Amino acid sequence: CGQSMLDFTCGIGVTNTGHCHPRVVEAAQAQCGKLIHGQVNIGWHEPMLELIDELAPAMPHASLDSFFFTTTGAEAVENAVKLAKH
C-alpha cells in the first residue's frame, strides 16, 4: 500500500539480476553454445574433464587420482558414506 519492496530471494537455478540483464543474456547465450546441461552421472563432457585436469595437481597424495562428481550435497554425503564402508 504505497510502499516499495525489494525482493532479495532467489529460486532454484535463478538469481536476482533483473529481467533480461544484457550481461546475463550474453553469458547464457555463450554457455548454450558450449553445453546446456551437463549431468555428471550419465556421461563425460569436456568442461568436467578440464576441471579434473585442474584439480588433480592439487591433490595431497598421488594415490588420490579419482574424482566423483555429484549433483547435490545429499548425494555427495550418501556416496561418501558408501565409499567409506567399502
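## Overall layout

In what order do the elements of the protein chain run from the N terminus on? The answer is α-α-α. That fits the tally for this predicted model: three helices and zero strands. Helix α1 covers residues 22-32, helix α2 takes in residues 46-55, and helix α3 spans 73-85.

As for burial, the protein chain has 86 residues, and buried ones make up just 5% of them. The chain exposes about 7,800 Å², with carbon and sulfur atoms supplying 60% of that area.

## The loop between α1 and α2

Let's start with His45, which sits in the loop between α1 and α2. Is His45 buried or exposed? His45 is buried, because its relative accessible area is 16% and the cut-off for that label is under 20%.

Who are its contacts? Leaving aside residues up to four places away in sequence, His45 touches Leu35, Gly38, Gln39 and Val40.

## The loop between α2 and α3

Moving along the chain, Thr71 is in the loop between α2 and α3. Thr71 has a relative accessible area of 51%, so it counts as exposed, the cut-off being over 50%.

Val40 turns up again here, having already appeared on the list of residues that His45 touches. Thr71 and Val40 are 31 residues apart along the chain, yet 7.2 Å is what separates their C-alpha atoms.

## Negative charge around helix α2

Which residues form the negative surface patch? Glu46, Glu50, Asp53 and Glu54 do. Take Asp53, a residue of helix α2. With 58% relative accessible area, Asp53 is exposed, and it can belong to a patch because patch residues need over 30% and no salt bridge.

## A salt bridge in helix α3

How many salt bridges does the structure hold? There is one, and it joins the side chains of Lys82 and Glu78, at 3.2 Å from N to O. Both residues belong to helix α3, where they are four residues apart, or about one turn of the helix.

Glu78 has 43% relative accessibility and so counts as partly exposed. Why is Glu78 left out of any charged patch? Its accessibility is over 30%, but patches take residues with no salt bridge, and Glu78 is in one with Lys82, so Glu78 does not qualify.

Terms used
Residues numbered from 1 in each chain as written. Predicted model: local features only at pLDDT ≥ 70, side-chain atom pairs only at ≥ 80, totals over all residues. Heavy atoms only, no water. Patch = residues over 30% accessible without salt bridge, like charges linked within 9 Å, V, L, I, M, F, W, Y side chains within 5 Å. Areas by Shrake-Rupley, 256 points an atom, 1.4 Å probe, with all protein chains shown as cover. Salt bridge = Lys/Arg side-chain N within 4 Å of Asp/Glu carboxyl O. Lys, Arg positive; Asp, Glu negative; His and termini not counted. Charge placed at Lys NZ, Arg CZ, Asp CG, Glu CD. Helix = DSSP H or I, 4+ residues; strand = E, 2+ residues; numbered from the N terminus. Buried < 20%, exposed > 50% of the residue type's maximum accessible area, 1.4 Å probe, protein only. Contact = heavy atoms within 4.5 Å.
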